[in-house]
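Me: I'd like a close look at a single part of this protein: one of its pockets, the second in size. Please walk me through what surrounds it, and then show me how that region fits into the rest of the chain.

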Amino acid sequence: MTTHQTVSARRPDGRRLQLLLDRAEITDLLTRYAHSLDEGVFDEAWGRAYYAEDVTAEMPIGTVRGRGAVVTRIREGMALFARTMHLSGAALIEVDGDRATARAPQLSTHVLADGSGALFVSGGHAATELVRTPDGWRITASALRVAWTQGTPPRLPAGMGPAADPA
C-alpha cells in the first residue's frame, strides 16, 4: 500500500473507517510513548503498554530483543540523563490488516546526569513496526536512526552500545 492510497475514497466505508481508527490509535500510542520517555518510569507495566513480548529494538545504545530486555536497556540508557525532551513529528503510518508501519522524525534533547549540565541533542527518525493485539496496537520492532548529533554524548558504561550487541 502506498501513502497516497492510505485513505482512498474508493475503499468501502467500513474499511475506510477502520483504517482511520487504526491510524488514530497508532498515532496516540506513538505520541504517548514519546511523552513517556521524559517521565522516567520504565517498569514492566510501561513495557506492556507499548511493546509486544517479542519486540526487537535498535537503539544507538545497542539492539535488544524481548520486551524485558528493551525495558531494561531503555531504563539504563535514560539513567545517563538528568532530564530529557523527546519531540516526535507527524508519523507516516501505513496499515495492512493487523500489521502497520510508521516513520516519524525525532528530535531528542538530553541533559547529562554527570553533574556537568552539558547538553546532548540528536535528530533523526524512528521507524516502527506494529501489530494489533487484544490490548491494542503494540510495537514489534523499532529502529532509531540518528542522522546528526550536537554536544557532549554520555559516557556509555561497559556492555552498553552497538559494539556490545550479540552477534
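Reply: Let's start with the walls. Helix H1 and strand E3 each supply at least two residues of the lining of the second largest pocket. Of these elements, H1 deserves your attention to begin with: it gives the most to this lining, with five residues. Keep in mind as you look around that this is a predicted model.

How much space lies in the second largest pocket? It holds about 220 Å³. The pocket is lined by 15 residues, and those closest to its centre are Leu30, Thr31, Ala34, Ser88 and Gly89. By class, the lining is a mixture: eight residues are nonpolar, six are polar and one is charged.

Now put that beside the largest pocket, which has a volume of about 710 Å³. Its lining consists of 36 residues, with Met59, Pro60, His86, Gln106 and Leu144 the closest to the centre. Two or more residues come from each of H1, E1, helix H3 (67-78), strand E3 (81-88), strand E5 (99-112), strand E6 (119-133) and strand E7 (136-151). You will recognise H1 and E3 from the second largest pocket. The classes here are 24 nonpolar, 10 polar and two charged residues.

One residue from that list is a good place to zoom in. His86 sits in strand E3, and its relative accessible area is 9%, so it is buried, since buried means under 20%. Its side chain is joined to that of Asp38 by a polar contact of 2.7 Å. Setting aside residues up to four places away in sequence, His86 touches Ala34, Leu37, Asp38, Met78, Gln106, Leu107, Ser108 and His110. Ala34 should sound familiar, as it is one of the residues closest to the centre of the second largest pocket. Gln106 is a familiar name too, being among the residues closest to the centre of the largest pocket.

Next, let's turn to the aromatic rings. There are six aromatic pairs. In one of them, the ring centres of Tyr33 and Tyr51 are 5.9 Å apart and the planes meet at 85°, so this pair is edge-to-face. Why does this pair tie together separate parts of the chain? Tyr33 belongs to helix H1 (residues 13-37) and Tyr51 to strand E1 (residues 51-59), so the pair links parts that are 18 residues apart in sequence. Tyr33 and Tyr51 are both buried.

Phe42 and Trp46 make another edge-to-face pair, with 4.9 Å from centre to centre and 85° between the planes. Phe42 has a relative accessible area of 7%, so it counts as buried. Trp46 is buried too, because its relative accessibility is 7%. Step back, and you can see a single aromatic cluster formed by Tyr33, Phe42, Trp46, Tyr50 and Tyr51.

Tyr51 also leads us to a charged residue, as it is one of the contacts of Arg67. Arg67 lies in helix H3. Is it buried or exposed? Its relative accessibility is 13%, so Arg67 is buried. Its side chain makes a polar contact with the side chain of Glu44 at 3.4 Å, and another with the side chain of Glu53 at 2.6 Å. Beyond its neighbours within four places in sequence, the contacts of Arg67 are Glu44, Gly47, Arg48, Tyr51, Ala52, Glu53 and Val55.

Finally, here is how it all fits into the chain. There are three helices and seven strands, and from the N terminus they follow the order α-α-β-β-α-β-β-β-β-β. The chain has 167 residues, and 41% of them are buried. Among contacts with a separation of 6 or more, 54% are between residues 24 or more positions apart. For a pair that is well separated along the chain, look at Val95 in strand E4 (residues 92-96). Val95 is buried, because its relative accessibility is 5%. Its C-alpha atom is separated by 7.0 Å from that of Leu19, although the two are 76 residues apart along the chain.

Notes: Residues are numbered from 1 along each chain as its sequence is written. This is a predicted model: local features need pLDDT of at least 70, side-chain atom pairs count only at pLDDT 80 or more; totals for chains, interfaces and linings use all residues. Side-chain values use heavy atoms; hydrogens and water are left out. Rings of Phe, Tyr and Trp (its six-membered ring) pair if their centres lie within 6.5 Å; planes under 30 degrees apart count as stacked, over 60 as edge-to-face and the rest as tilted. Helices (H or I, at least four residues) and strands (E, at least two) are DSSP runs, numbered from the N terminus. Buried means under 20% relative accessible area, exposed over 50%, partly exposed in between (1.4 Å probe, protein chains only). On a 1 Å grid over the protein atoms alone, a cavity is a set of points where a 1.4 Å probe fits but cannot get out, and a pocket is an open set with protein on both sides within 12 Å along at least five of seven lines; lining residues have an atom within 4 Å of a point. Grid points are joined across faces, edges and corners, and a volume is the space filled by probe spheres set on the points. Ala, Val, Leu, Ile, Met, Phe, Trp, Tyr, Cys and Pro count as nonpolar, Asp, Glu, Lys and Arg as charged, and the others, Gly among them, as polar. A polar contact is a pair of N or O atoms within 3.5 Å; within protein, one must be able to donate a hydrogen and the other to accept it, and residues adjacent in sequence count only if both atoms are side-chain atoms. Contact means heavy atoms within 4.5 Å.
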